[in-house]
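I opened my notebook to look up how a pair of helices sits together and where nonpolar side chains gather. My entries follow the order in which I looked.

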Amino acid sequence: MKKKKASVTKEKFSWDLMWRQRYLLMMSVPFVVWLVIFKYVPLWGWTMAFQEVKPGSFALPVWERKFVGLENFVKAFTDRLFPQTMINTIGLSILGIAIGTITSILFALILNELCFSRFKKVTQTVSYLPHFVSWVIIASIAKMLFNDGGAIDTMLGTKLHLMSTNSPMFWVVVCMVDVWKEMGWNAIIYLSAMAGIDQGLYEAAKVDGASRFKRIWHVTLPGIKPTVIVLMIMNIGSALNVGMERQMLLSNSIVQDHAMVLSWFAYVRGIGSNNYGLGTAIGVFQSVVGVILLFIANKVAGMIGESKLV
């Protein structure tokens with residue numbers, strides 16, 4: 001009887017809570033509708049991954065297209081470009097997550113420690129402006145800097161061959177350009193987390209004789225640790241979704257082998273070869289692996305007692 005009474009009380013409390021927050025729930029309805037229409041309804045297109053979809057059959061209803069089972073997945077996994085593409089994608093993801101996270105945190109720490117508020121605001125504004133610049137412009141600037149005989153080679157008086165050597169060095173160039181473009185924008189999140197740290201902790205550490213570096217190490221970094229972990233989990237979940245814009249604009253025929261990533265591979269083998277089923281299969285593979293990685297990273301974070309998504 002007690003258990004039943006507790007259950008009823010909890011149910012009444014839930015409905016009462018929903019009624020008290022009815023206006024907030026009503027405001028969220030348009031966003032839920034948008035999410036369903038633009039994020040979940042298009043998942044119906046995944047059926048193309050199991051069908052033979054060519055330009056001639058693209059307009060046919062789903063039930064009239066030729067069903068090929070896992071043939072598109074087999075073609076993708078046995079393609080001669082697939083192994084190197086996976087290596088490129090994973091390598092760029094690991095470098096991007098590691099370098100991007102570290103540089104963004106360091107930049108946020110520097111801005112947070114600046115005493116001159118006007119200089120801090122100007123620096124922060126200038127730093128995140130590249131985020132709004134097109135990759136076409138960014139790639140043009142990067143080529144002028146990193147190409148043989150470019151600005152960097154001229155300043156150093158030697159040729160580094162950063163973009164003319166068929167090696168993973170191209171990954172470093174891509175990550176450097178991406179960091180320059182996105183570091184200021186990504187630092188905003190960490191600055192927001194730092195702003196939420198109790199200032200009394202800094203005062204207490206200062207009274208105890210902690211230097212500025214020790215206050216950063218023992219107060220600031222632990223304070224933003226949950227934010228860092230959550231962002232890392234989300235980045236790991238999207239590890240295979242490396243955008244192809246950077247590689248397409250920065251690469252050339254020499255570094256092509258180390259520039260191909262899964263998104264570009266799906267474009268070349270799908271749209272480029274008029275085989276939409278194959279392109280969709282590659283996209284499905286990216287999404288499924290991304291979801292699996294997201295759950296694994298979230299589970300590991302929870303097992304070690306750190307913050308997690310749910």
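Entry on the crossing. I looked up how α12 passes α13, and in this predicted model the crossing is right-handed. I then noted that α12 covers residues 262–271 and α13 covers residues 276–303, and that the two pack at an angle of about 160° with their axes 7 Å apart. Since angles over 145 degrees count as roughly antiparallel, I wrote down that α12 and α13 are therefore roughly antiparallel to each other.

Entry on the contact. Which residues of α12 meet α13? I listed L262, S263, F265, A266, R269, G270 and I271 on the α12 side, and across from them Y276, L278, G279, I282, F285 and Q286 in α13. When I sorted the residues of this contact by kind, I had eight nonpolar, four polar and one charged.

Entry on the cores. I reminded myself that in soluble globular proteins nonpolar side chains tend to be buried together. The largest nonpolar core here has 32 residues, and among those with the most contacts inside it I found F146, M163, L250 and L262. I also checked which helices supply at least two residues each to this core, and they are α4 (82–113), α6 (135–146), α8 (169–195), α12 and α13. The largest share, six residues, comes from α8.

Entry on one core residue. Leaving aside neighbours within four places in sequence, I found L250 in contact with A139, A142, K143, M163, F170, V174 and V177. Last, I noted a second, separate core of 18 residues, which includes L109, I216, I224 and L231.

Technical notes
Residues are numbered from 1 along each chain as its sequence is written. This is a predicted model: local features need pLDDT of at least 70, side-chain atom pairs count only at pLDDT 80 or more; totals for chains, interfaces and linings use all residues. Side-chain values use heavy atoms; hydrogens and water are left out. Axes are lines fitted to C-alpha atoms, for helices over the stretch in contact, and angles run from 0 to 180 degrees between N-to-C directions. Helices (H or I, at least four residues) and strands (E, at least two) are DSSP runs, numbered from the N terminus. Angles under 35 degrees count as roughly parallel, over 145 as roughly antiparallel, 65 to 115 as roughly perpendicular and the rest as oblique. A crossing is left-handed if the near helix is turned anticlockwise from the far one by less than a right angle, and right-handed if clockwise. Contact means heavy atoms within 4.5 Å. Ala, Val, Leu, Ile, Met, Phe, Trp, Tyr, Cys and Pro count as nonpolar, Asp, Glu, Lys and Arg as charged, and the others, Gly among them, as polar. A nonpolar core is a set of buried Ala, Val, Leu, Ile, Met, Phe, Trp, Tyr and Cys residues joined through side-chain atoms within 4.5 Å. Buried means under 20% relative accessible area, exposed over 50%, partly exposed in between (1.4 Å probe, protein chains only).
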